[in-house]
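Biologist: Before I rely on the labels attached to a model, I would like to hear the reasoning behind them. Could we look at it together and go through them one by one?

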Amino acid sequence: QVQLVESGGGLVQAGGSLTLSCAASGRIFGSHVMGWFRQAPGKEREFVAAIRWSGIIYGESVKGRFTISRDNDKNTITLQMNSLKPEDTAVYYCAATAGALEMTEHIYNYWGQGTQVTVSS
């Protein structure tokens, strides 16, 4: 089993920055894909970014503004979010999978509880 705990959410003005962190524990390995999804009220869960030793992928809506990084020694990932927009408002979820580096939600079988990010205009 893998446990994921997010931190760092909050309220920020448009144009500002925020950093999210996700700490993993349990049977997590460097080969696991770890990533972020988000879900806004009334919308489906959306892929944000994911990272593995083999690379990094981003969702189209965050490319150039968000940066994902990973510290394998500490089993943590970080999502640096810059130039935030009101449409970035959502609950952000950390996720992990032993599968491939993909955007597909259903392959991620470990999930955190989520952290709220609110961007005011």
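**Reasons behind the labels**

Modeller: Phenylalanine 47 counts as buried, because its relative accessibility is 8% and the cut-off for buried is under 20%; please keep in mind that this is a predicted model.

Biologist: What makes the pair of phenylalanine 37 and tyrosine 108 edge-to-face?

Modeller: The ring centres of phenylalanine 37 and tyrosine 108 are 5.0 Å apart with the planes at 75°, and since a pair needs centres within 6.5 Å and edge-to-face needs planes over 60 degrees apart, the pair is edge-to-face.

Biologist: Why is this pair said to tie together parts that are apart in sequence?

Modeller: Phenylalanine 37 belongs to strand 4, whereas tyrosine 108 is in the loop between strand 9 and strand 10, so the parts they tie together are 71 residues apart in sequence.

Biologist: How do you know that cysteine 22 and cysteine 94 form a disulfide?

Modeller: Their sulfur atoms lie 2.0 Å apart, and the cut-off for a disulfide is within 2.5 Å, so cysteine 22 and cysteine 94 qualify. The two cysteines sit in strand 3 and strand 9 respectively, 72 residues apart.

Biologist: Why is that disulfide called left-handed?

Modeller: The torsion about the S-S bond of cysteine 22 and cysteine 94 is about -80°, and therefore the disulfide is left-handed.

Biologist: What makes the charged end of arginine 45 count as sitting over the ring of tyrosine 93?

Modeller: The charged end of arginine 45 is 4.3 Å from the centre of that ring, which fits the cut-off of within 6 Å; the rule also asks for a position within 35 degrees of the ring normal.

Definitions and conventions:
Residues are numbered from 1 along each chain as its sequence is written. This is a predicted model: local features need pLDDT of at least 70, side-chain atom pairs count only at pLDDT 80 or more; totals for chains, interfaces and linings use all residues. Side-chain values use heavy atoms; hydrogens and water are left out. Helices (H or I, at least four residues) and strands (E, at least two) are DSSP runs, numbered from the N terminus. Buried means under 20% relative accessible area, exposed over 50%, partly exposed in between (1.4 Å probe, protein chains only). Rings of Phe, Tyr and Trp (its six-membered ring) pair if their centres lie within 6.5 Å; planes under 30 degrees apart count as stacked, over 60 as edge-to-face and the rest as tilted.
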